[in-house]
Amino acid sequence: MGSLRSESGSNMEQFLCNRLLDSTQPISERFRALFSLRNLKGSAPRDALIHATRDSSNLLAHEAAFALGQMQDSEAIPALISVLNDFALHPIVRHEAAEALGAIGLESNIPLLKNSLAVDPAQEVRETCELALKRIEEMSGAKHSDGKSETERSPFLSVDPAAPASSCSSVDKLREVLLDEDKGMYDRYAALFALRNNGGDDAVSAVIESLGAKSALLKHEVAYVLGQLQNKAASAALSRILRDVNEHPMVRHEAAEALGSIADEQSIALLEEFSKDSELIVSQSCEVALSMLEYERSGKSFEFFFMQDPLAQA
């Protein structure tokens, strides 16, 4: 029975890889496969995600790079470097490759990140390289601090681009740092994640206020955090972001996904409206968010399950 279970798992893994890379599938189905593969180990899931970083859908490609960073698989580094150095790719994809290199956290990535910080034409990519360099520096310094992984410390089980600022900092102080345009990006991110972890009304208000920042990179992370928090107080501000066609697509796309997480009636109506947006990153984000909501409402998981096969339960 063990061999049948192994064969069933192998078949499902191959199915997921094929589904991810099948451009004829709806984007929501390809995301279902991606979200499932990022929870698996081994060369096949990794190679499929690496292949997806070159997909014609910039939304899917950037999510694949993000997944490789969250998996912290050092075998993905050469492919991520290649993506980061390819100026023909959309900045949102290159940015995510840089963030993934920071998430993996090897000191050997420092020289290439420094090079991209100096030469990349996109500000959002340069700012991400700055974050990744600081994160690797901090990881190196704290390597033997307490033996815990970052995901064990984070209430959201995510590998964040910056460690949260000290828990002894007040909400007012964190807000001040987050909104200070003269502060370094890493310090502002650290304040953002500390406010997220606090989660109180004043902390959430400070996070919402930072959607007015100048940096598109920071604003996109703020929208991501508001999606993690799923606080309905953010709906109006996120809706304004999504409606603003002059806003950076990476910010609008994160606003769409955050609205999907909040999932009140107004958010859903807005996602339906902008699922036809002329910016593909935005329209596909709305499509994926709506599909996730549909699965959630039906009581099903958006991800595919190995355990669906009765042989796997034997």
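Reader: Why is the crossing of α11 and α12 called left-handed?
Author: The crossing of α11 and α12 is left-handed because the near helix is turned anticlockwise from the far one by less than a right angle; clockwise would make a crossing right-handed. This is a predicted model, where local features need pLDDT of at least 70 and side-chain atom pairs pLDDT 80 or more, while totals for chains, interfaces and linings use all residues. Residues are numbered from 1 along each chain as its sequence is written, and side-chain values use heavy atoms, without hydrogens and water.

Reader: How do you know at what angle the axes of α11 and α12 cross?
Author: Axes are lines fitted to C-alpha atoms, for helices over the stretch in contact, and angles run from 0 to 180 degrees between N-to-C directions. On that scale, α11 (residues 185-198) and α12 (residues 201-209) cross at roughly 145 degrees, with axes that come within 8 Å. Helices here are DSSP runs (H or I, at least four residues), numbered from the N terminus.

Reader: Which residues make the contact of α11 and α12?
Author: L192, L195 and N198 of α11 meet A203, A206 and V207 of α12. Contact means heavy atoms within 4.5 Å.

Reader: What makes the residues of that contact nonpolar, polar or charged?
Author: Ala, Val, Leu, Ile, Met, Phe, Trp, Tyr, Cys and Pro count as nonpolar, Asp, Glu, Lys and Arg as charged, and the others, Gly among them, as polar. By that rule the contact of α11 with α12 holds 5 nonpolar, 1 polar and no charged residues.

Reader: Where is D277, and why is it called buried?
Author: D277 sits in the loop between α16 (265-274) and α17 (280-297). Buried means under 20% relative accessible area, exposed over 50%, partly exposed in between (1.4 Å probe, protein chains only). D277 has 13%, so it is buried.

Reader: What makes the pairing of D277 with R252 a polar contact?
Author: A polar contact is a pair of N or O atoms within 3.5 Å; within protein, one must be able to donate a hydrogen and the other to accept it, and residues adjacent in sequence count only if both atoms are side-chain atoms. The side chains of D277 and R252 make such a contact at 2.8 Å. Beyond four places in sequence, D277 touches R252, V282 and S283.

Reader: Why is Q72 called partly exposed?
Author: Its relative accessible area is 36%, so Q72 falls between the two limits. Q72 is in the loop between α4 (58-71) and α5 (77-84). Its phi is positive, about 55 degrees, although Q72 is not a glycine.

Reader: And why is Q230 called partly exposed?
Author: Q230 has 49%, so it too falls in between. Q230 lies in the loop between α13 (216-229) and α14 (235-243). Phi of Q230 is near 55 degrees, again a positive value in a residue other than glycine.

Reader: How do you know on which side of α5 the buried residues lie?
Author: In α5, I77, L80, V83 and L84 are buried. They cover an arc of only 120 degrees around the axis, so they are on the same side of α5. The arc is that of the directions from the helix axis to the C-beta atoms. Their cover includes α4, α6 (91-104), α7 (110-119) and α8 (123-141).

Reader: What makes A61 buried?
Author: A61 has 1% relative accessible area, so it is buried. A61 belongs to helix α4. Apart from residues up to four places away in sequence, A61 touches A52, T53, R54, D55 and V93.

Methods: Helices (H or I, at least four residues) and strands (E, at least two) are DSSP runs, numbered from the N terminus.
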